[in-house]
Amino acid sequence: MKKEGKKTAASHSRWVVLFLLASNLLSALSFEIGSSVSRKALPIARPAVDSVANLKAARIFSLVQQSSIYSNGNRLSTRLMDSVEGQVAPIPTADECAAGLGTFKQLIYDQLDANNLPRALGILENMQQCNIAPDGELYNRLLTACFSGRQFRRAEELFLLMGLQGVPRDVRAYSTMITGMARARKLPMASMYFDKMKDDGVAPDLAAYSALIDGFTKAGKMDLAEKWFARMVDAQIQPDVVAYTSMMAGYANKGQLAVAEATLGAMVEAGVAPNVVSYSALIGGYARLGDLDKALDWFERMGHAGVDADAGAHTAVVAGLCRAGRMDDAVQWFLGMGAAGPAAAPTTATYNALIQGQVAAGAPERAAKWLAKLQAAPGLAADAQSYAPLVEHYARAGELQRATTYLAKAQAEGLAPTRASFSAVVEAQAAKGNLKRADEYLARARAAGAGCSPQAYGAVLAAYMRFDAAPRAGALLEEMRRGEGGAPRPNVAHFSTVISAFARRGDLGRANYYYRLMLDDKVRPNVVTFNAMINGFIKAGRVDKALNFSEKMVEQGVAMDSVTYNSLISGLAKAGQMDQAKEKYEEMKRAGVWPNGITHNALMHGFARRGDMKGVTDSFNRMVQGGVKPDVVSFSTVIDGWCRAGDMGRAEEWRARMAAAGVAPNIYTYNALVGGYAHAGDVNLARAVFAEIGQAGLRPTVVSHSALATGLAKAGRPGEAAEAVEYMERSGMRPNAAVFRAVADGYATLGETELLAEWLERGKRAARASERSNNNKRGGAKAAE
């Protein structure tokens, strides 16, 4: 029955699932790590056929092998087959398993030497099925190969398996894990393995400490690098040239060259001879700071110390000369590298320094020639950094065709363009309003695994907002929140852009939705965020909600600026709450935010609306006394106030003051005057001012026509008023209900009952349309609650 079961399994699928302890199985076994399970070899049973579906759900390599191993003296033959994911092969036979550990190890080593990690892990799977436990040497080779292939999770699985099978995890195994994680910038994981190493009674060696030091210096965390260096010394482990040089490079990258020099001095005093990498750290550091004299001085000291300069040291000098704009000197140094020996021959990095230098010097055509020279250089090839300066230069210059051509050339050569290259193109497309192309290159960046910078995503979001594509902005923000395609997590600028877009459209429900998401994501709103919400509520007439957000603003420690105060003062003034508006004005001054023209204009507008002309003129005078120059809005507000008060003489006096101040009237000024004369019953003067609108190069608005029509109707000339309304409607303007009622009243005065009924009905329709519009606005504000 057992044999028959095997046949059934073999007929179901031909291949062996490669790695049984993948994601799902590891989760099931992980509870045993901290338990008292004995650390003897754990045989791994072959899965039953009905478990294949479960294993397929895990992340498992799809390589499988079928082996036929037979002995003929010392001769061994192996047949490895490509696989089909999820298929199961027969268990290795007893004869195959008899090959022993040595044979399996050699097969695995052969695959590792051929850079075929999946096949190596497939052979490891056959070992497990034969109950042959790998030894520490084999595991260490596999761990190293996993890190070389950036298979970090697979390395963790193998390391776990070592413990489960009782294979001693010695200093080499731990150092491999620490080094691999540190090089991958997974520094918390590297530190965790270091601590576990000590907990397991394994004494850390020089390699373990050096790996952590190098990882933290490359990450720019010099405080932590210093702590690990001190721990190494306290552990009586003598730092070597690698540890010292890592510290030097870290300090040099931070611009702390004096500390880097002192570290080199300490290295020499400790009897550790600096190498070319040590000196290159100082040469490159001074070159980056623009201190070429110091860089060249250290280059000479290196020679005096008997250390031959390599290509890296020479390239540091070339790059420094390029940064200083000394392109001729950089080229001369480059030409001399060939005579300094094979080790000093120019590399791709050297050419890249010249390409970058020529671009920075404003000579992209020369940069292109250096790119061509690199491509023609024997034994060298361009990389993504070779193309990046040209792509970024042309993108920022707005020459998108050239930028995208170089990007395409890089990809045609099998190179993955840099994150900066894609970002520059995306930003440029967004800036030009090419939303479709911006989306396209954003997608290409994701597909290439490069992603784009937060600034590039911000540019696309801003473009969506600019072109009234708020829903697309919202969708992109959601994508960023999910981290799709390596998208950066949204920051305060990204959220604020989307919130502003929806608030500006009057969709306060969606604006508030993203505000809440922002808080959920632990992103702290800033003044731009709050101002967007406050402005949105003010425009919707919800001053109470705007004030509520200003209180939240203060609670979260965000200082209100002039935009915040002006919005609140304007909203309160429009709502007729002038006492509260004046309180905000005083609060604004106490907060050290100086009132500007917008502030004073908002107060004057509020006073004018309620007929308080003393308040209007007092505000105007305070503005002048505060050194703020009145603008067209300031004068127009005062004129409008006097017109509303029916004092056209004062209105004309302020019109004269306006002209004397060199401020030209705008359409609002004329509308106030037309309305004032019309309301005063002086239709002829109203018409005269109306005629001035066209003479000033302006176009009458619905307010201009409505004021004139209302005046005509009240003056007993409803026929002329009706003609004005008809003209407005033909021109696409929408008179409000008050205009229709004024015309109806005019016809009523004349006893024209039919026309009266007609215009009353038209007035009702206009009123209903206005109510629907207001309800929509209120609905947007209500949704935000």
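## His705 and its surroundings

His705 has its place in helix 39, which covers residues 702-714. The model that shows this is a predicted one. His705 has a relative accessible area of 8% and is therefore buried, the cut-off for that class being under 20%. Apart from its neighbours within four places in sequence, His705 is in contact with Phe690, Pro700, Tyr727, Met728 and Met733.

## The chain as a whole

The protein chain contains 42 helices and two strands. Of its 785 residues, 48% are buried. Where contacts join residues at least 6 apart in sequence, 61% of them link residues at least 24 apart.

A search for disulfides across the whole structure returns zero. Two of the cysteines may be described individually. Cys146 has a relative accessible area of 0% and is buried. Cys643 is likewise buried, with a value of 3%.

## Confidence in the model

The mean pLDDT of the protein chain is 84, and 86% of the residues reach 70 or more. Two segments stand under 50 throughout. One of them is residues 1-90, for which the model has 158 contacts beyond four places in sequence. The other is residues 778-785, with 17 such contacts. Where pLDDT is low, predicted coordinates should not be read in detail.

## Helix 5

Helix 5 runs over residues 100-113 and has 14 residues. From its first C-alpha to its last the helix reaches 20 Å, close to the 20 Å expected at 1.5 Å a residue. The buried residues in helix 5 are Gly100, Thr103, Phe104, Lys105, Leu107, Ile108, Tyr109, Gln111 and Leu112. Just after the helix, Asn115 takes a positive phi of about 60 degrees.

## Helix 9 and what covers it

Helix 9 comprises the 13 residues 171-183. At 1.5 Å a residue, these should span 18 Å, and the end C-alpha atoms are indeed 18 Å apart, so expectation and model agree. The helix is mostly covered, since 10 of its 13 residues are buried. These buried residues are Ala173, Tyr174, Ser175, Thr176, Met177, Ile178, Thr179, Gly180, Met181 and Ala182.

The cover over the buried residues of helix 9 includes four other helices: helix 7 (136-148), helix 8 (152-164), helix 10 (187-199) and helix 11 (206-218). After helix 9 comes Arg185, whose phi is positive, near 65 degrees.

## Aromatic rings

The count of aromatic pairs comes to 23. In one of these pairs, the ring centres of Phe159 and Tyr174 are 5.0 Å apart and the planes stand at 75 degrees, so the pair is edge-to-face; the cut-off for that class is over 60 degrees. The pair links distant parts of the chain, with Phe159 in helix 8 and Tyr174 in helix 9, 15 residues apart. Phe159 counts as buried at 3% relative accessibility, and Tyr174 counts as buried at 0%.

Elsewhere, one aromatic cluster is formed by Tyr515, Phe530, Phe537 and Phe549.

## Charges over rings

Two arginines are placed over tryptophan rings. Arg650 lies over the face of Trp642, at 4.7 Å from the ring centre. The charged end of Arg657 sits over the ring of Trp654, 3.9 Å from its centre.

## Glu261 in helix 14

Glu261 is found in helix 14, which covers residues 257-269. With a relative accessible area of 22%, Glu261 is partly exposed. This value falls between the two cut-offs, because buried requires under 20% and exposed requires over 50%.

Once neighbours within four places in sequence are left aside, Glu261 is in contact with Leu282, Tyr286, Lys294 and Trp298. The C-alpha atoms of Glu261 and Ser278 are separated by 9.9 Å, while the two residues are 17 residues apart along the chain.

Conventions. Residues are numbered from 1 along each chain as its sequence is written. This is a predicted model: local features need pLDDT of at least 70, side-chain atom pairs count only at pLDDT 80 or more; totals for chains, interfaces and linings use all residues. Side-chain values use heavy atoms; hydrogens and water are left out. A disulfide is a pair of cysteine sulfur atoms within 2.5 Å. Buried means under 20% relative accessible area, exposed over 50%, partly exposed in between (1.4 Å probe, protein chains only). The expected span of a helix is 1.5 Å times one less than its number of residues. Contact means heavy atoms within 4.5 Å. pLDDT is the predictor's confidence in each residue, from 0 to 100. Rings of Phe, Tyr and Trp (its six-membered ring) pair if their centres lie within 6.5 Å; planes under 30 degrees apart count as stacked, over 60 as edge-to-face and the rest as tilted. A charge sits over a ring if NZ of Lys or CZ of Arg is within 6 Å of the ring centre and within 35 degrees of the ring normal.
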